[in-house]
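I'm opening my notebook to look at how some helices pack, then at a pocket and a couple of backbone oddities. Short notes only.

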Amino acid sequence: RNLNKFTRKNMALRVFIDSVDSYAGKVISKLISSSIPGATLADIDDTSEGSQADYNKNDSKDNTYEVVGTLKEQGGKKPNWVKEIVSDSNHEEFLAVLKDCDVIIYNTADDSTLVDQASWAVSALHAEIESFQRMKTFICISTAMTWARTRPIDLDDPEVPFTEEDYRRRKPHQDFKAEISLEKLVIKLGKTNKDLFSTYIITSGMLYGCGENIFHYLFKTAWLNHPFLQCYGNGQNVIPTIHVKDLANIILTVMDANPRMKYILAVDDSQSTLEEIVRAVSINLGTGKVRNVTKEEAVSDKNIERADFDKLLVNLRMESTTAKDLNIEWIAETGLVDNIEAVIREYKEERKLFPLRMFVYGPPAVGKSTIVEQLCQHYKLHHMRMNDVVREAISDLERSAARADIENEDEEDDQRAQEDQELLEALQENKEQNGGRYDDQFIVRFFRQKLKSMPCQNQGFILDGYPKLYSQAQELFAAEEDDDDPEENLPEYDASIMPEYIISLDASDDYLKNRVINLPEREVHGSHNTEEGLIRRLTRYRAENTEDETVLNYFDELEIHPEHFDVTDDDSSRSLNTVKAVIKLIGDPRNYGPTAEELEEIKRREEEERELREAQEKIEREEHEAKEAEEREIRQSEWKLRLDEVRKQEKELIDTRSIPLRNYLMKHVMPTLSEGLIECCKCRPNDPVDFLAEFLLQNNPEID
């Protein structure tokens, strides 16, 4: 394995990886593209060679593997570390690409639809062996589900794990028969000419890490603060697992080492049950509670697909002897449960789920709670109001103390109940001595507990007006003492609860007084927002916040500089302009966005708004049409009246103009014509018209 530099630099350089934009494809392709051929073969005990990381660091990046691949999402963006994206739509052209590569990697563990494509690829390459100039390696990443129904090696001792030596005994899950057929084909074709075409099956455990895949529903549910995580069945089934980066390291080592064993199990050393995994996620990311649900109930869960559900119910103990023989740089060799904190950090970083912490400060009646409420809704943060924090803390103490009188087998729980009972009594005494208020030490304790809670650590929070004093801020954000570290090494503050953004709302006293005066009666009744109450609180606020002494100075000294917003000129409803200005400063939310229920609610509201808009448009259209019809009818009536008037005027004009002609006819024409008609009637000529014409000519008065 200790190859010289010349041999390494002449090893395989071009690697094809399918679906480089998939969950595992991204991690595998990124690692391979940054690795130097042969670097994994460096003897870590040999100081002249060093580890792979050292080797990669010392050698030129020009000598790294060159990665080409396909995209799972059509039209997706090419990852920066990938040299070229190719298409597999044309088999002839695609085969030419594969023949140009030294290593071909197909991952059917994540995507069962690639089984046929992988079968074609390995068969097509095998048919071209005679044309190969140097050895090519075909690696198929398969799934542990091809072992799902394998009978235990020792029926008397079912905890004996399977190893690579047992691969001929494997029996697949009924839905993964195509995968085991592919495994057999790949192994078979790799035996023809091992010098030119070497094939490997790497059977992967259930992948975790780097943002999660099959376990994502667990992490997301816990991060979203659900009351409990669901564990399917009794949870006692052992799930073979491996960190996706460890899988990538095994693949890289197989590429370099070309081991004799052609069937390799890629699993970590853990033998964790489903319940252990679920509980670890719940404790470190959620409420710590787990509820077992039946398989029938689990099938109806919309958060998980059927194929993933089957994988979570698999019960397999596996051990990879080959991986232990190889020089693997493990990320999580002991498994998910033992490395849960690091995996959760990875999950948050990959998904960009960083908590957003804010402190909003300002004089009384400036509208802090109104603005904070809208910011919390926009960013999905937790609203930290003093009254709510204290009320919730007291309620939790009362529930815990109530168990003090109940016999409990758990001594730790019983002791906690006794301590909470004593604290409640101390709180009650302190409240009576201070006129209904609690000392700062108790308020700070309640706030620290709340800010340290998992919901606030997951999503973040906005402190609404507290702390009010410099001393309160010092106590609230002080770093916790560690028995292992001397006090002088303590950091300046507890970074896990320190706000990132300090928002100071500024306003003049006159503005605040006018705002209180104009508040609706329902908001003023029973609150401090009266004119007398405002003057009292405002006087105290100005006294506690002089130019030389203010709680804002605490953050300034820590280089967390407050952002000032003058609300005096904000005349928008519910200070919306100020809210928009704060959102512009902070940027986009750091969460999953709307949940399925919220999306459904948004869709429902949009549908209602659309229906309302359409109904309104219909009403407006009908009103407009009715108005037009009425106006048209009025215009037609007016037009008819005008037309009648015109006809009347025309008739009168014609009548007036026809009077002279009528008089002429009555005097000169009608008498002669009447006589001619009478004569015509007497004579009854054969041609009355000719007779009448002749008569008129003979008796024309003008002729006479």
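**Entry 1: helix 4 and helix 5.** I looked up how helix 4 (residues 91-99) sits against helix 5 (residues 115-127), and I found that their axes come within 11 Å and cross at roughly 65°. Angles from 65 to 115 degrees count as roughly perpendicular, so helix 4 is roughly perpendicular to helix 5. I should remember that I'm working with a predicted model here. Helix 4 passes helix 5 in a right-handed crossing.

Next I wanted the residues that touch. On the helix 4 side I noted His91, Phe94, Leu95, Leu98 and Lys99, and on the helix 5 side Gln117, Trp120, Ala121, Ala124 and Leu125. Sorted by class, this contact has seven nonpolar residues, two polar ones and one charged.

**Entry 2: helix 7 and helix 9.** How do the axes of helix 7 and helix 9 cross? They come within 9 Å and cross at roughly 30°, with helix 9 covering residues 274-285. The cut-off for roughly parallel is under 35 degrees, so helix 7 counts as roughly parallel to helix 9. This crossing is right-handed.

I listed the contact too: helix 7 brings Leu218, Phe219, Ala222 and Trp223, while helix 9 brings Ile277, Val278, Val281 and Leu285. What classes do these residues belong to? I got eight nonpolar, no polar and no charged residues.

**Entry 3: helix 9 again, now with helix 13.** I followed helix 9 to helix 13 (residues 340-351), where the axes come within 10 Å and cross at roughly 65°. That angle makes helix 9 roughly perpendicular to helix 13. The crossing of helix 9 and helix 13 is right-handed.

From helix 9, the residues Ala280, Val281, Asn284 and Leu285 meet Ile340, Glu341, Ile344, Tyr347 and Lys348 of helix 13. I scribbled down the classes: six nonpolar, one polar and two charged. Val281 and Leu285 were on my list for the helix 7 contact, and they turn up here against helix 13 as well.

**Entry 4: the second largest pocket.** I checked its volume, which is about 1,100 Å³. How many residues line the second largest pocket? There are 46, and His216, Tyr217, Lys220, Asn303 and Ile304 lie nearest its centre. The elements giving two or more residues to this lining are strand 7 (206-208), helix 7 (216-223), helix 11 (306-312), helix 14 (368-379) and helix 25 (596-683).

Helix 7 came up again, since the largest share of the lining, five residues, comes from helix 7. The lining has 16 nonpolar, 18 polar and 12 charged residues.

**Entry 5: backbone oddities.** A reminder to myself: most residues other than glycine have a negative phi, and most peptide bonds are trans.

My first find is Asn258, which has a positive phi of about 50° although it isn't a glycine. Where does Asn258 lie? Asn258 is in the loop between helix 8 (244-257) and strand 10 (263-266).

My other find is the cis peptide bond joining Tyr466 and Pro467, with omega at about 10°. I traced Pro467 to the loop between strand 14 (460-464) and helix 19 (470-477).

Key
Residues are numbered from 1 along each chain as its sequence is written. This is a predicted model: local features need pLDDT of at least 70, side-chain atom pairs count only at pLDDT 80 or more; totals for chains, interfaces and linings use all residues. Side-chain values use heavy atoms; hydrogens and water are left out. On a 1 Å grid over the protein atoms alone, a cavity is a set of points where a 1.4 Å probe fits but cannot get out, and a pocket is an open set with protein on both sides within 12 Å along at least five of seven lines; lining residues have an atom within 4 Å of a point. Grid points are joined across faces, edges and corners, and a volume is the space filled by probe spheres set on the points. Helices (H or I, at least four residues) and strands (E, at least two) are DSSP runs, numbered from the N terminus. Ala, Val, Leu, Ile, Met, Phe, Trp, Tyr, Cys and Pro count as nonpolar, Asp, Glu, Lys and Arg as charged, and the others, Gly among them, as polar. Axes are lines fitted to C-alpha atoms, for helices over the stretch in contact, and angles run from 0 to 180 degrees between N-to-C directions. Angles under 35 degrees count as roughly parallel, over 145 as roughly antiparallel, 65 to 115 as roughly perpendicular and the rest as oblique. A crossing is left-handed if the near helix is turned anticlockwise from the far one by less than a right angle, and right-handed if clockwise. Contact means heavy atoms within 4.5 Å.
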